[in-house]
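Student: Can we go through this one together? I have the picture open and don't know where to start.

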Amino acid sequence: MLYAILCYKDEDVVAAWSEAEEAAVMDRLGRVHEDLERQGKLGPSLRLLPTTAATTLRKASEPPLVIDGPFAETKEQLLGFYVVEVADLDEALRVARDLAAANPGGAYELRPVLLYNPDPRPTRGGPR
Amino acid sequence: MSEASPDAAWLAAALAAARPRVLAALLRVFRDLDIAEEAFQEASLRALRTWPRTGPPRDVAAWLILVGRNSALDGKRRLAHLTPLPPDDAGSGDALSNLDDAETPLVEEIDAQAYRDDILRLLFICCHPDLPATQQIALALRVVSGLTVARIARAFLVSEAAMEQRLTRAKARIARSPVPYGAPGPAERTERLAAVSAMLYLVFNAGYSAATGSERAALCDEAIRLGRLLLRLFGTDPEVMGLLALMLLQHARAPARFDADGEIILLEDQDRGLWRGPMIAEGLALVDKAIRHRAPGPYQVQAAIAALHARATRPQDTDWAGIDALYATLERMQPSPVVTLNRAVATAKVGGPAAGLALVEALAGPLGGYFHFHGLRGALLMQLGRHPEAREAMGRAIALAGTPAEAAHIRRQLDRMVAADAEKN
């Protein structure tokens with residue numbers, strides 16, 4: 001069974017970390033990652049840039065509406081996510097619009113990725 | 001780290017992160033910077049005493065605002081610095097952190113718009129037009145960022161007493177002029193935002209000239225932190241996006257900008273592998289966001305220039321034609337001989353040293369006493385083979401250099417040219 005573990009934290013506090021504190025946290029996490037990787041249990045993981053870098057496509061309206069900032073509503077729930085490789089925000093928005101046309105309603109929050117660790121398992125992909 | 005018993009690093013980071021919002025709210029309540037600062041100090045002390053035992057409150061800022069307001073309203077506690085602090089378990093903070101509901105009415109009270117104007121006001125009073133730039137920077141670092149006087153003094157290479165005096169004078173100047181506490185109108189808000197943006201860029205530039213790792217270089221991180229705060233408040237303003245992007249893209253190069261002896265390494269000689277990738281990624285994302293608004297401004301254009309440099313993995317990949325065009329745009333928005341001088345660098349790359357020199361020569365009047373004018377003129381003359389004139393220009397640049405590193409950089413160019421000439425003869 002695959003589980004996604006979503007990370008929540010106060011980004012102001014994280015941004016206020018010194019380089020040494022940041023390195024200490026990454027070091028502690030790194031040891032957990034290594035252990036999981038040895039057990040063949042670690043899939044891809046990633047770290048997002050701050051919400052100030054986010055753009056939201058609201059797809060409840062037609063055409064969908066582009067809004068600066070993160071998705072802030074609480075009546076919708078997080079149901080999944082994509083990782084796409086694109087040249088810039090415009091291309092990411094084109095992808096999101098195509099997805100929106102196929103599945104209207106709700107919103108897509110577009111967040112640039114700071115750090116991407118690909119799947120280290122030899123057999124990648126979905127549930128086996 | 002466990003959220004139930006926060007460690008010292010978490011506490012310090014949480015208090016630093018909450019400071020602008022809390023102080024801004026307290027300033028609106030008390031309309032006095034000193035009282036607001038004391039109230040924040042007192043609330044922080046209580047947090048440090050109680051949170052390790054009780055765990056942090058759900059809303060850190062709301063807790064600090066409420067405790068700070070109560071402690072300042074309480075006459076006895078107003079004089080807390082004259083009397084011993086109450087015993088650790090007697091603070092109002094204990095009761096509060098056990099009673100999450102106490103925060104709720106206050107949170108609702110802080111309407112989003114008022115909160116935004118509060119923080120803007122706090123930043124705005126630091127950029128009083130009567131205050132010289134250095135005092136604006138020092139005041140913002142002390143009041144908004146909460147840096148200690150000792151640290152600010154070290155950043156500006158003055159004694160702690162001198163910095164204390166400078167800050168006291170700046171605060172007195174502010175106290176004499178009426179601070180507008182009413183909600184600003186749209187035009188006023190735009191004006192304040194422009195003044196605050198300019199002040200943040202001053203803070204950034206004060207740090208930018210310093211070598212990595214020094215006290216002063218930390219000012220760049222502080223300016224970026226405040227830039228993120230400003231963007232969270234004005235999430236749809238493309239110039240705020242541009243300002244933050246500009247600071248991130250420039251600061252990303254910091255690890256590559258100085259050699260082991262503290263000498264400047266020019267952009268084209270920098271080891272681009274040392275550039276900070278995450279900052280570049282964030283800066284580029286913000287430039288993308290800003291461009292979508294189709295409302296260009298000076299920060300966005302400067303950020304776009306920095307983005308073109310950041311996108312070039314090797315110096316020869318740099319889109320100089322794009323940079324030349326962006327500088328031409330900036331010249332129209334903000335005509336200034338220094339902008340034209342920067343454009344001349346790009347023009348020389350695109351159209352050759354003679355085209356660049358033509359732009360430079362026209363600036364002899366306004367920039368005759370400017371280090372970079374003579375430095376660039378010397379370099380272009382050298383490329384054109386006009387060595388005696390180049391030597392003279394470089395000599396003047398060395399005489400006008402602001403730092404030993406600047407002088408050393410020109411001297412190296414000069415030495416290379418003289419050595420090459422000697423070899424020929």
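Tutor: Start with a definition: the expected span of a helix is 1.5 Å times one less than its number of residues. The model is predicted.

Student: OK, how does helix α13 of chain B, residues 238–251, do on that rule?

Tutor: Helix α13 of chain B has 14 residues, so it should span 20 Å, and its end C-alpha atoms are 20 Å apart, which agrees.

Student: And is α13(B) mostly covered or uncovered?

Tutor: Mostly covered: 14 of the 14 residues of α13(B) are buried.

Student: What about helix α11 of chain B, what should it span?

Tutor: Helix α11 of chain B, residues 186–208, has 23 residues, so 33 Å is expected; its end C-alpha atoms are 32 Å apart, which agrees.

Student: Which residues of α11(B) are buried?

Tutor: Among them are L193(B), V196(B), L200(B), V203(B) and F204(B).

Student: What does V203(B) touch?

Tutor: Leaving out residues up to four places away in sequence, V203(B) touches I137(B), A140(B), L141(B), L219(B), E222(B) and A223(B). V203(B) is also one of the residues with the most contacts inside the largest nonpolar core, which has 137 residues. Others on that list include A140(B), A245(B) and L249(B).

Student: Which helix gives the most to that core?

Tutor: α1(B), with 13 residues.

Student: Switching topic: how is chain B divided?

Tutor: Into domain 1 (8–110), domain 2 (112–178 + 185–230) and domain 3 (235–318).

Student: How many residues are in contact between domain 1 and domain 2 of chain B?

Tutor: 11 residues of domain 1 are in contact with 11 residues of domain 2. On the domain 1 side, helix α1 of chain B (residues 8–30) gives the most, 9 residues. By class, that side has 8 nonpolar, no polar and 3 charged residues.

Student: What does UniProt put at residues 123–174 of chain B?

Tutor: An unreviewed UniProt entry gives "domain: RNA polymerase sigma factor 70 region 4 type" there. In the model, residues 123–174 of chain B are 69% helix and 0% strand, with end C-alpha atoms 12 Å apart.

Student: And residues 1–114 of chain A?

Tutor: UniProt, again in an unreviewed entry, has "domain: YCII-related" for that span. Residues 1–114 of chain A are 34% helix and 16% strand, and the end C-alpha atoms lie 27 Å apart.

Student: Last one: how many residues does each chain bring to the contact?

Tutor: Chain A brings 18 residues and chain B brings 19. The largest share of the chain A side, 3 residues, comes from helix α1 of chain A (residues 11–15). That side divides into 10 nonpolar, 3 polar and 5 charged residues.

Methods
Residues numbered from 1 in each chain as written. Chains lettered and ligands numbered in written order. Predicted model: local features only at pLDDT ≥ 70, side-chain atom pairs only at ≥ 80, totals over all residues. Contact = placed C-beta atoms within 7 Å. Helix = DSSP H or I, 4+ residues; strand = E, 2+ residues; numbered from the N terminus. Nonpolar A, V, L, I, M, F, W, Y, C, P; charged D, E, K, R; others polar. Buried ≥ 20, exposed ≤ 12 C-beta atoms within 10 Å, placed from the backbone. UniProt positions renumbered as here; feature names shortened; annotations may be inferred. Domains from an automatic or database assignment. Core = buried A, V, L, I, M, F, W, Y, C linked by C-beta atoms within 7 Å.
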